[in-house]
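Please look at the chain below before reading on. The text after it moves from the interior to the surface.

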Amino acid sequence: MSAAETEIKAERNHVEHASPLSNDATEGEKDIVFNNEGDHVVVTDEDVSFFLYPALFTSLSAGYGTNGVATVIGSLCVFGLGHIHSTVLFSYQIIFLVFGLITVITAPIIYLALDNSVASARFLTLDDRLKGVERLRSNNTGIVSTTFKWSQVGEMCLDLKTIPFIAMTLFVNVGASTSNVFGPLILQGIAGFTASNTTLLNVPFGVLQVIVILSASYVAFKTKTKSTVFIGYMIPVVVGAALLYSLPHSKKNEGPLLLGYYLLAFLFAANPIIISWIAANVGGQTKKASFFCLYNAASSAGNIVGPQLFKEKDAPSYKSGLQAVLGIFCALIGIIVIQALILAFLNRRKEAQRVKNGKPAKLHDLSMDTEFDNTAAIDAQLGANAFKDQTDGENDEFVYVL
């Protein structure tokens, strides 16, 4: 029994006994039934569906979608604040002070409002917390552990999928920083837009970010894949970069160049996809934490490298920078394909490992189901390793998500 389950069961003092596992659970059943060891909970209702991977991507996308909302609101605020004339402060100082104050006020509120884990989620009833923990079993990526395991760090360093994930993150954030930092400069260079006009032109760019991120979430939710959706959303980015690079930056090409710039917004579907893809394919708390440390390092490195691609001597067209970004986006698609092939290979290796251990080669991945029912997994005596803080390499029941 996991520590999280033990914690919740101790809190459920209104429950005086746990009955043996029953195979008579019906769809929509609200009761939690334990087996004799207390290892499994029969969960067939849909009360806490957001704990499965398809819904995890949806929640991540909703969070990242606020970046687009911030672009819209921020652009309008910058446009308005930029027209304030002060003898004490420059316009940019007023803008930074206003946004900084908003951050200082909201940060403590968010900190206090967010829960740390499923086991302590205040918005769930005690029964639903236990159901949520049980649903996490199907992810096969473990549950909260405070023990740091160097062996898991070593496995991460030798893992075939580590370098592709980090390379994706680096390339994506090089491109993202390009549009964030140099978007206004590119727009000014396209057809001589003023600084105020370029700020307003970022409003539809922010709207498109929201649409792109949420639509990517919906498509991935329906297809239950990451790689094909990722590639599909990166193709418009390549087209946009190609338009900005190949077309002369003149008034005559204002429309196609603006289209090319707005197509770069499709890139903002990438980070939610990468995060959810890593989460779905890495088991073990230390290994996962280390993976996300590398993700953050690569993301930061991308934001450092991106601005360096655009040199002042290349203004206003920034041809060399756009050429480099175009090459990076093309390479990104190639890396996604390579990663999908690696994960397919790892799945075949897992199948052979399961057969060797006397288990079925093919397993149904409950973590990708939109409707959850774990009774079949319990009957087949699967999922026993889910809460043992095993890595994806150690757990023979792990199924990699392509």
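What follows describes a predicted model, beginning with its nonpolar core.

The largest nonpolar core comprises 54 residues. Met168, Phe230, Met234, Leu264 and Phe329 have the most contacts inside this core. At least two core residues come from each of the helices H5 (150–158), H6 (162–191), H7 (195–223), H8 (227–246), H9 (254–263), H10 (270–281), H11 (285–308) and H12 (319–356). Of these, H12 gives the most, with 11 residues.

Phe230 shows how one core residue is surrounded. Apart from neighbours within four places in sequence, Phe230 is in contact with Met168, Val172, Ala270, Ile273, Ile274, Trp277, Leu332 and Ile336. One of these partners, Met168, is itself listed among the residues with the most contacts inside the core.

The cysteines come next. How many disulfides does the model contain? The count comes to 0. Two cysteines can be placed by their accessibility. Cys157 has a relative accessibility of 56%, above the 50% cut-off, and therefore counts as exposed. Cys293, with a relative accessible area of 52%, is over that cut-off as well, so Cys293 is also exposed.

The last stop is a patch on the surface. Val88, Leu89 and Leu97 make a nonpolar surface patch of about 290 Å². Where does Val88 lie? Val88 is in the loop between helix H2 (53–81) and helix H3 (91–113). Its relative accessibility is 68%, so Val88 counts as exposed.

Notes:
Residues numbered from 1 in each chain as written. Predicted model: local features only at pLDDT ≥ 70, side-chain atom pairs only at ≥ 80, totals over all residues. Heavy atoms only, no water. Core = buried A, V, L, I, M, F, W, Y, C linked by side-chain atoms within 4.5 Å. Buried < 20%, exposed > 50% of the residue type's maximum accessible area, 1.4 Å probe, protein only. Helix = DSSP H or I, 4+ residues; strand = E, 2+ residues; numbered from the N terminus. Contact = heavy atoms within 4.5 Å. Disulfide = S-S within 2.5 Å. Patch = residues over 30% accessible without salt bridge, like charges linked within 9 Å, V, L, I, M, F, W, Y side chains within 5 Å. Areas by Shrake-Rupley, 256 points an atom, 1.4 Å probe, with all protein chains shown as cover. Salt bridge = Lys/Arg side-chain N within 4 Å of Asp/Glu carboxyl O.
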